[in-house]
Amino acid sequence: MRSWPTVAIPDVDPKYTLPKLTLKDTLSGTKKALPTKNLYRMYVCGITPYDATHLGHAATYLTFDLINRYLRATGAEVRYVQNITDIDDPLLERAKRDGIDWEDLAHSQIELFRSDMVNLHILPPESYIGAVEAIPLVTEAIEMLKEVHTIYSVDDDLYFSVRSDAEFGTRSHYSQVEMQEIFSQRGGDPDRVGKKDVLDCLVWLAARPGEPSWPSPFGAGRPGWHIECSAIALAYLKPEPADDYAIDIQGGGSDLIFPHHEMGASQVAMMTGKPYAQTYVHAGMVGLDGEKMSKSKGNLVFVSKLVAAGVDPMVIRLALLSAAYGRDRMWTDAVLAEATARMARLQSALSRNEVAPTKECIALIIASLADNLDSPRAIKAIDSWIEQTESGLTGGSSGELSRAIDTFLGIAI
Ligand code: ZN
């Protein structure tokens with residue numbers, strides 16, 4: 001799948017030292033410093049191409065964009081892979097509901113997603129891989145899981161046996177009852193007759209009448225969702241044999257903690273014999289005016305619609321960065337208005353001939369981001385600098401500050 005065009009990142013002045021990046025790890029529940037490395041492997045779960053790109057998506061990809069930018073600023077290479085679930089039940093259901101071809105729906109939504117990512121200055125993944133193009137990888141992954149006796153069939157469908165992994169369920173911290181509840185809410189089939197465990201997940205769905213299918217060694221069918229990501233991550237991130245973990249960062253929205261990331265981590269552990277990720281990072285959900293934003297409520301706010309209405313994508317980015325990434329937050333008109341006003345003041349301050357000292361502000365932006373991507377604190381540092389400039393302090397370099405804001409926060413002014 002074609003990724004989207006990259007965005008130039010200004011270099012960091014070597015006079016700034018970059019602390020190690022610490023991130024809140026969902027598995028351990030604590031903040032962990034990423035080890036210093038030359039190459040980081042990051043996998044972030046992509047969208048199913050319908051309803052793209054709402055602000056929840058934008059906030060998630062923005063979170064991993066901050067990680068990507070910070071690690072690159074340290075001089076490291078970031079091998080970043082993202083998937084796109086371009087075949088799955090929800091896509092087929094939406095196409096049927098709207099009376100359109102599922103491939104046309106997927107293509108149009110993928111295009112929209114790409115242009116939204118470009119508008120928001122989100123660095124593209126090195127590999128952007130669709131589920132359909134990954135089918136050979138999925139069948140290979142299923143073969144690997146078969147070799148370690150973790151796959152069984154129910155009729156012509158194939159399932160992953162979660163109990164073959166002694167650590168199943170330990171990564172996401174839900175009780176058995178909660179896991180069952182969430183599993184059925186998020187596409188699972190706990191009641192399927194013939195399964196060994198209610199939580200076992202489908203890895204290959206045999207062809208159904210009237211639905212698309214592709215040939216495989218297990219017969220015609222299509223991949224399950226969880227195995228799609230496990231297969232793509234392993235194939236494109238190619239774990240280093242010497243590493244203790246298959247990859248460095250597994251990311252996505254917090255609605256993926258269970259079952260998606262638990263299943264993926266379990267499958268990868270069974271395939272490779274090592275834990276999946278060094279750190280599991282999850283972005284919180286974005287609600288609207290006090291309510292959860294969801295397809296069923298019909299209250300999704302789309303990046304493309306805001307942009308079409310004249311909102312500067314950099315203001316959307318600034319607005320999303322004003323809240324901590326890991327917490328659920330609300331999108332309101334006031335959030336957008338505050339970001340609009342902040343951007344105007346920042347632009348005005350940066351355009352002055354004389355500006356307040358910038359070195360301390362830049363160091364604070366860096367230190368805040370290094371501390372679990374504390375973007376609200378970074379923005380506070382910028383606000384203080386604006387006030388100092390407005391009050392007539394001098395001695396700084398507006399060019400240096402605007403470059404640093406671009407490098408680390410991805411906001412081009
Ligand atoms: Zn995924």
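These are my notebook entries on the zinc site, a run of paired strands and the nonpolar cores of this structure, which is a predicted model.

**Entry 1: the zinc site**

I began with the metal and looked up which protein atoms serve as donors of the zinc ion: they are SG of Cys 45, SG of Cys 229 and NE2 of His 260, at 2.0 to 2.1 Å from the ion. I then wrote down their spacing along the chain, which reads C-x183-C-x30-H. Next I checked where two of these donors sit, and found Cys 45 in the loop between strand 3 (39-44) and helix 1, and His 260 in helix 7 (residues 257-272), so the pair ties together parts that are 215 residues apart in sequence.

Are these two residues buried or exposed? With buried meaning under 20% relative accessible area, Cys 45 counts as buried because its value is 3%, and His 260, at 2%, is buried as well.

**Entry 2: strands 6, 7 and 8**

I turned to strand 7 (residues 157-160) and followed its side chains: Asp 157 and Tyr 159 point one way, Leu 158 and Phe 160 point the other way, and all are buried. I noted beside this that in a regular strand the side chains alternate between the two faces of the sheet.

I then looked for the partners of strand 7. Strand 6 (residues 151-154) runs antiparallel to strand 7 and is joined to it by 4 bridges, with Tyr 152 standing opposite Tyr 159. The two strands form a hairpin with 2 residues between them, and in the turn I found Asp 155 with a positive phi of about 55 degrees. Strand 7 also pairs with strand 8 (residues 201-206), again in the antiparallel sense, over 3 bridges, and there Trp 204 is the bridge partner of Leu 158.

**Entry 3: the nonpolar cores**

I looked up the largest nonpolar core, which has 77 residues, and listed those with the most contacts inside it, among them Leu 55, Ile 249, Trp 331 and Leu 409. Helix 1 (residues 55-73) gives the most to this core, with 10 residues. The core draws at least three residues from each of domain 1 (22-283) and domain 2 (288-409).

I took Leu 409 as one case to follow, and, leaving aside residues up to four places away in sequence, I found that it touches several residues, including Leu 66, Arg 317, Ile 365, Ile 382 and Ala 404. Last, I recorded a second, separate core of 52 residues, which includes Leu 145, Ile 151, Phe 168 and Met 271.

Technical notes. Residues numbered from 1 in each chain as written. Predicted model: local features only at pLDDT ≥ 70, side-chain atom pairs only at ≥ 80, totals over all residues. Heavy atoms only, no water. Core = buried A, V, L, I, M, F, W, Y, C linked by side-chain atoms within 4.5 Å. Buried < 20%, exposed > 50% of the residue type's maximum accessible area, 1.4 Å probe, protein only. Domains from an automatic or database assignment. Contact = heavy atoms within 4.5 Å. Donors = N, O, S within 2.8 Å, 3.2 Å for Na, K, Ca; no water. Pairing = 2+ DSSP bridges.
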